[in-house]
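Biologist: I have a structure on my screen and some questions about it. Can you take me through them one at a time?

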Amino acid sequence: MDGMDERIFYITTPIYYVNDVPHIGHAYTTIACDAMSRYKRMKGCDVRFLTGTDEHGQKVQAAAEKRGVAPQDLVDRIHLNFKELWRVLNVSNDDFIRTTEPRHVRVVQDMFKRLMDQGDIYKGEYEGKYCVPCEAYVPESSMGPGGTCPDCGRPLTVMKEESYFFRGSRYVPQLIEHYEKHLKGVMPRIRYNEIMSFLKGEVRDQSVSRTTLKWGIPVPGDEKHVIYVWFDALINYASAIGYLDDRSTFDRYWPHVRHVVGKDIIRFHCVIWPLMLLALGLPLPVSIVAHGWWTVDGEKMSKSRGNVVDPCRVVEEYGLDPFRYFLLREIPFGHDGDFSEAALVGRINSDLANDLGNLLNRTLKMIQDYREGTVPAESLREMPEARDLQCQAQAALEGTDEAMEDFSFDEALKRIWSFIGRANKFIDETMPWRLAKEGSGDALDSVLLNLYEALRLSALMVAPFMPETAQRIWGQLGLEGDPLKCLYDDFRWGAAAGTRVGRAEVLFPRIDVREWKKAHGEKAVTAKEDKAMAEERRDEISIDDFRRVEMRVAQVVKAEEIPKSRKLYKLEVDLGYERRTVCSGIKAFFTPEELVGKRVILVTNLKPAKLCGIDSNGMILAASVKVGGESEALTLVAPEGDIPLGSLVS
């Protein structure tokens with residue numbers, strides 16, 4: 001890892017099992033990798049983005065027999081479902097690997113033979129509980145309730161067969177040492193801890209062949225055995241970049257690989273695969289990033305419930321970029337999330353139509369009305385608001401880069417939308433309509449140029465996540481080319497002066513929620529019913545309710561008394577990526593001098609309120625303590641240690 005060239009970036013999705021119907025889970029992983037790939041290209045990196053399909057194994061063989069077709073004919077047909085979905089989702093993968101391709105089969109057999117020759121694969125006999133749907137033996141210590149599969153919950157079958165084993169246990173100490181030195185080798189932290197705990201327990205040699213099925217890659221020299229589907233599948237990451245056929249390409253990209261997978265398959269990727277690589281003498285992945293699962297309206301997604309989300313249907317109804325935005329913005333990457341069409345509608349109306357769409361329409365209209373459609377040159381008029389907007393632009397770029405390094409897509413989008421919100425506030429602060437009426441030409445020029453540049457930068461920043469939207473904004477701004485082909489480092493504030501803007505068009509039409517509810521059979525709740533339900537829910541909240549509260553580390557940078565109030569202070573707090581004004585009822589317990597410099601926990605997604613004529617945007621957490629029966633003491637809730645400002649509290 002040391003001395004690694006950060007300009008080369010190889011990213012992979014898991015290869016998807018062809019017997020599955022493509023659903024939101026597949027879409028989520030692939031869109032995340034796509035956004036990261038596009039982002040890294042705009043950072044000037046040499047990017048390689050791989051996805052594909054896993055086409056061997058017992059389930060495919062059984063499905064082919066049931067349909068009366070050859071397994072190869074079956075996978076030749078149904079792998080196209082995934083290729084079509086990636087086209088619909090505008091995925092920019094560089095390669096698509098299939099495990100039935102000759103380039104893959106050759107590498108699997110070559111690696112298997114190498115491990116046999118060096119004594120890391122040996123023949124023995126295996127007996128254990130086997131999960132047919134997951135195609136995995138399950139040790140007793142890992143079984144679910146009632147001796148079931150811990151991943152899918154189905155009953156296990158006792159199987160006994162001759163098998164080849166991979167002697168991975170001999171490399172476990174080496175892998176533990178690696179992960180102790182590379183704390184981002186497994187992400188997020190909760191998965192790292194899970195893997196380290198597993199490695200420090202009992203890691204047994206792995207069975208890597210089967211005799212009970214024929215649909216797979218034969219073991220070299222012993223064709224009675226078929227190579228275990230998981231051993232076969234993991235090797236795709238190496239076979240796709242020329243491990244045997246194009247060693248220069250392999251050597252260029254392999255040391256820089258990041259795997260993105262679902263949390264259900266992390267042991268294969270974070271234990272078995274690295275052990276195989278250590279045995280083969282190959283560098284380990286830079287990171288293996290595991291995301292959570294999606295539920296649907298609070299329920300587990302399953303065919304039997306009939307609630308499997310079809311990405312193509314959602315895209316057709318709501319649009320591609322809103323769907324991409326929702327998946328990446330709604331939950332922290334690595335956590336479980338709930339897919340709700342009502343929540344998607346809320347994001348479209350609030351974040352996309354109100355925040356981004358209105359900023360574009362208002363700005364273009366003012367440039368048309370006040371400057372005949374031409375972006376004015378930079379004015380010599382100094383405006384503190386403009387300087388602050390430009391500082392916020394730099395903070396957004398830096399914050400986005402910091403978040404993307406940790407695969408925190410939701411954090412990156414929050415930073416971007418914080419800047420978009422600042423640009424909207426800039427309009428309200430400077431009131432360009434008043435400047436035009438007063439004939440303040442220099443000031444108006446400065447406002448319009450800064451708004452235009454804020455939009456130009458916003459288009460660049462949203463491009464990896466919503467590529468079609470970025471292109472539409474680009475065109476309306478009167479710019480040529482593709483924003484995705486631009487580099488962030490080339491952006492210069494003020495460089496677009498003199499540009500003729502295009503015609504303003506609605507980016508995201510607002511969805512009439514009342515009509516949407518009617519169309520989707522959702523009951524409109526009356527105020528009286530809402531109050532009654534709130535009373536019922538008052539004593540209990542679900543984990544989903546709690547997750548809706550966004551809390552972040554902040555620092556008080558200014559504290560002022562509010563003359564009209566006996567309880568409130570007006571505080572300015574720094575979140576690292578933006579500053580906010582918050583009114584807090586702590587006047588009786590602290591002096592302004594005691595507050596300045598304190599780190600606090602701020603609820604950041606609380607609905608803004610006007611208190612004593614001041615807009616308060618957030619709430620500081622504090623704990624009150626009874627002292628002597630009646631009087632109260634107050635303690636501010638604060639993080640321990642030097643936690644970075646803006647860090648999410650969960």
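Biologist: How many bridges join strand β15 to β16?

Modeller: First, a caution: this is a predicted model. Strand β15 covers residues 294-296, and β15 and β16 run antiparallel. One partnership pairs Val 296 with Glu 299 in β16. The number of bridges joining β15 to β16 is two.

Biologist: Which strands stand at the edges of that sheet?

Modeller: The sheet is open, has three strands and shows mixed pairing. Its order is β16-β15-β17. Two strands each have a single partner, so one side of each is left without a neighbour in the sheet. Those edge strands are β16 (299-300) and β17 (337-339).

Biologist: Which helix packs on the sheet, and what angle does its direction make with that of β17?

Modeller: The helix spans residues 320-330 and touches β15 and β17. It is α13, and the angle is about 155 degrees.

Biologist: Now the empty space. What is the volume of the largest cavity?

Modeller: Rolling a probe the size of a water molecule over the atoms shows where empty space is left. The structure holds three cavities of 30 Å³ or more. The largest cavity is lined by 13 residues, with Glu 135, Arg 210, Leu 213, Tyr 228 and Val 229 nearest its centre. That lining divides into seven nonpolar, four polar and two charged residues. The volume of the largest cavity is about 70 Å³.

Biologist: Which element gives the most to the lining of the second largest cavity?

Modeller: This cavity holds about 60 Å³ of space. Its lining includes Gln 206, Tyr 228, Trp 230 and Phe 268. β9 (206-207), α8 (229-234) and α11 (266-280) each supply at least two lining residues. The top contributor, with three residues, is α8.

Biologist: How many residues of the lining of the second largest cavity are charged?

Modeller: Seven residues of this lining are nonpolar and two are polar. The number of charged residues is therefore what the same division gives: none.

Biologist: Over which residues does pLDDT stay under 50, and where else is the pLDDT below 50?

Modeller: The mean pLDDT of the protein is 89, and 93% of its residues reach 70 or more. One stretch under 50 has seven contacts beyond four places in sequence. Another stretch below 50 has four contacts beyond near neighbours in sequence. Where pLDDT is low, the predicted coordinates should not be read in detail. The stretches are residues 524-539 and residues 626-631.

Key: Residues numbered from 1 in each chain as written. Predicted model: local features only at pLDDT ≥ 70, side-chain atom pairs only at ≥ 80, totals over all residues. Heavy atoms only, no water. 1 Å grid on protein atoms, 1.4 Å probe; cavity = no way out; pocket = protein on both sides within 12 Å on 5 of 7 lines; lining within 4 Å. Points joined across faces, edges and corners; volume = space filled by probe spheres on them. Nonpolar A, V, L, I, M, F, W, Y, C, P; charged D, E, K, R; others polar. Helix = DSSP H or I, 4+ residues; strand = E, 2+ residues; numbered from the N terminus. Pairing = 2+ DSSP bridges. Contact = heavy atoms within 4.5 Å. Axes fitted to C-alpha atoms, helices over the stretch in contact; angles between N-to-C directions. pLDDT = per-residue confidence, 0-100.
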